[in-house]
Amino acid sequence: MANRSGPQRPNGTAQAKICQFKLVLLGESAVGKSSLVLRFVKGQFHEFQESTIGAAFLTQTVCVDDTTVKFEIWDTAGQERYHSLAPMYYRGAQAAIVVYDVTNQDTFGRAKTWVKELQRQASPNIVIALAGNKADLANKRSVELEEAQAYAEENQLLFMETSAKTAKNVNEVFLAIAKKLPKNDQNVNPSVPVNITAWLTICVLRAGHF
Amino acid sequence: MPVGELTSTLANAPGYEIDPSRVPAVTPAEISTEVPLKSSDLGNSAELPTEATSLEIKSCSSSATFTMPAADVSLVTSSVLPGLGSSSINALSANTEEPSELSESNTPSAVGMNGDDESGSHKDNFEGRGCERAALNDFKANVIIEAEPKASESNQEKDLVVEESDLRDSIETEAWRGEQRHVFVLSSSGKPVYSRHGSEDKLVTLFGVMQALVSIVEDSDDKIESIHFGKNVIVFQVRGPIILVAVSKKNDSVLFCNNQLTYVYNQIVSVLTLKTVTSIFERRQNYDLRRLLAGSERLIDHLLQFYETEPSIFMNGISYIPMPSAHRESVSSAIVSACSKIKNLVYAVLVANNKLISLARKRGYSMSPSDLHLILNMVAASESLKTAESWTPICLPNFNIDGFLYAHVSYMADDCPACLLLLTVDQEQFFQLSEAKMKITEKLVKNKSMTFINEVLKAPPSLWMSLHALGLSKIRHFIYKCRKTSIVVSSPLSPPYSTTEEANALFTKYQTLYSSMIHSNPQIHTLFQTSAEESVVCLLTEKYEILVAVEPMVKKQLALDMITKLCQWVQSEEDRFFLSSVPYL
């Protein structure tokens, strides 16, 4: 029953299966990690987003087919002084978004370094997405789409150019990750109770039988 | 009148009013070696003052003035000279954060380098009109003047003259020059780290001059402390590989500038730890520290402003949001009961509007006011903390200067301006603390504390502290500090001090008066300063310190009577302003 009604309910109230994933955002400072998260979680954008202190923790839920995917997001600060803390955040993470700024070649270089570090030190099954942010500033572009695409393919990364400002591809990149993540029982979080609506639906259905 | 006599007069007069015109001019014999800078040396400056100006020598208890030729700059260093009393350094350390740091500076005394051009170039950059020398402490013991420029200095002189034209281009903008207070941070190799105004890159030559000044004085086994020119003062602090410089055109005291620089230094350490700073510069002396500090400039910017206008920081104390003690206790107990089982949690701090609501700590660990100010500053300077739970390393220099604490930072609710910080030594504890925070929120909602906190924070401050109600309407503003607990109570800034400029002007008066008193030896207990705008009274007793601004025509005795009444009221209301018992985690 729940399976059938799932896709018709975009807010996912009727799904019984809930998966929880840890996702980390990495990348040079000022590429727009916090802006991406803020757009994804709160639908907001601040032109003058101040630099993140340490790391920020947020959660957001998305719906993929019959599964509710709850992201526990670690938005890390990009400054050099915080690099040594990064393993604390990507350790045990099932997904990572490595962000660069399409107008700044250096940040792309830095993104590659992060990808390498994740491949070497994060869990082997980690789903990595590469996001070329600030796509709205394409006229100031210094990282070509093809270049990044080729790199992503070579390293088997999900890839999208995003814009936290216009919201382009922001939800899409999180959804793409959610789709790619394995939704086996291991990730079903036992501590999260089955969502109330689903439970009620089941109760009502059962009651109907009597 | 010999200075010694003047000092003893002051000691016997607790309510002594300082009127500079009544202090007789003193020409101490030591100063005769002073070599005035020749006017021709500075003839190329358009801003050169033409009138004859005076050199002032200030110590805590006396002020001496005599006329000098127009162009002069004086420089104060702490020279290592045998035979000088060390009493002065004690007075200095008592008012700074880390006595151990300062004790390196040996005995403060004054060294004039009036013949050198470096000082001259500073002078035209900072539009000096007079010349002034301030000995950092007791004038009798410490004013020693050396005048002959050394050979190395004259070589340096030529290099600096070449640089001067570049330097002028970059700092010639009106906006930059118009700033009243500057703060610069650089590495000992002269690399810019921070400038309060303007971009460090454009000011790079100016940083070079500052570094040169420091190293010139170091060459003669001495330590530069300050340069004085008219109302301008340039204060130097050398902290290992970091040089901090404050420039003020507002007649600020050296003590005030030094404390401000200490805060800046502590902020840098708070972001990086001292261990990191030291080891980085040990490895690479010309490291660009901006790489590691990136993003924390705004914390320093905010801290400087905070220091100048936030009463509790200004008085190096702690302010609580006034509320009935029963309410505060129920907030504290909610926090303690949710956190008491958490190992490694050191502090739980609830703050709002730059004041404390509650502070719980592990037994055996107290929180120093200056550490708390760094926390308050971080919260006030970071809007982004409102959007998510944050987890950040923070070094509290008085807790552990070489290591980080980890702070779980979150606002109590979207519509509540109270911010909770849980500080632990365990960097893996985020989720445990996150859970504790949820429990605290639940408890506060349940026992109605949340509603109460919101009400208290929303209420206009005039409601909770009306001086009119006490019949003290002639008191315009006050800051009270209890000496035993370091707790600071202040009235809200209302007209005529509601704009930033007005508030700044008042605080500048406060600090000039306060610094001169706190530094006086023997101690002056009461100072009453009258001007057209207001009269400012500073009172130091064994129990409390109080700064008060009253209406300009109020007589001294009336003002003192009002202050007595005010203090009695503050003391009677103590439980609303103070934390009656410190909760332990």
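Let me begin with a term: pLDDT is the predictor's confidence in each residue, on a scale from 0 to 100. I start there since what we have in front of us is a predicted model, and for chain A the mean pLDDT is 85, with 80% of the residues reaching 70 or more.

That confidence varies along the chain, and among the elements of chain A the highest mean pLDDT, 98, belongs to strand β4(A), whereas the lowest, 36, belongs to helix α1, residues 2-5. Around that helix, the pLDDT is below 50 over residues 1-15 of chain A, a stretch that has 25 contacts in the model beyond near neighbours in sequence. Residues 190-210 of chain A also stay under 50, and here the model has 13 contacts beyond four places in sequence.

Now to the sheet. Which strands make it up, and in what order? It is an open sheet of 11 strands with mixed pairing, running β6(A)-β5(A)-β4(A)-β1(A)-β3(A)-β2(A) and then β13(B)-β14(B)-β15(B)-β11(B)-β12(B). At the edges, each pairing on one side only, are β6 of chain A, residues 158-161, and β12 of chain B, residues 355-361. From one strand to the next, the twist averages 20°.

On the chain A side, helix α4, residues 105-121, packs on the sheet and touches β1, β4 and β5 of that chain, its direction making about 165° with that of β4(A).

On the chain B side, I would point to strands β11, residues 345-352, and β15, residues 416-424, which pair in the antiparallel sense over six bridges; within chain B, B:Tyr347 stands opposite B:Leu423 of β15(B).

Definitions and conventions: Residues numbered from 1 in each chain as written. Chains lettered and ligands numbered in written order. Predicted model: local features only at pLDDT ≥ 70, side-chain atom pairs only at ≥ 80, totals over all residues. Heavy atoms only, no water. Pairing = 2+ DSSP bridges. Helix = DSSP H or I, 4+ residues; strand = E, 2+ residues; numbered from the N terminus. Axes fitted to C-alpha atoms, helices over the stretch in contact; angles between N-to-C directions. Contact = heavy atoms within 4.5 Å.
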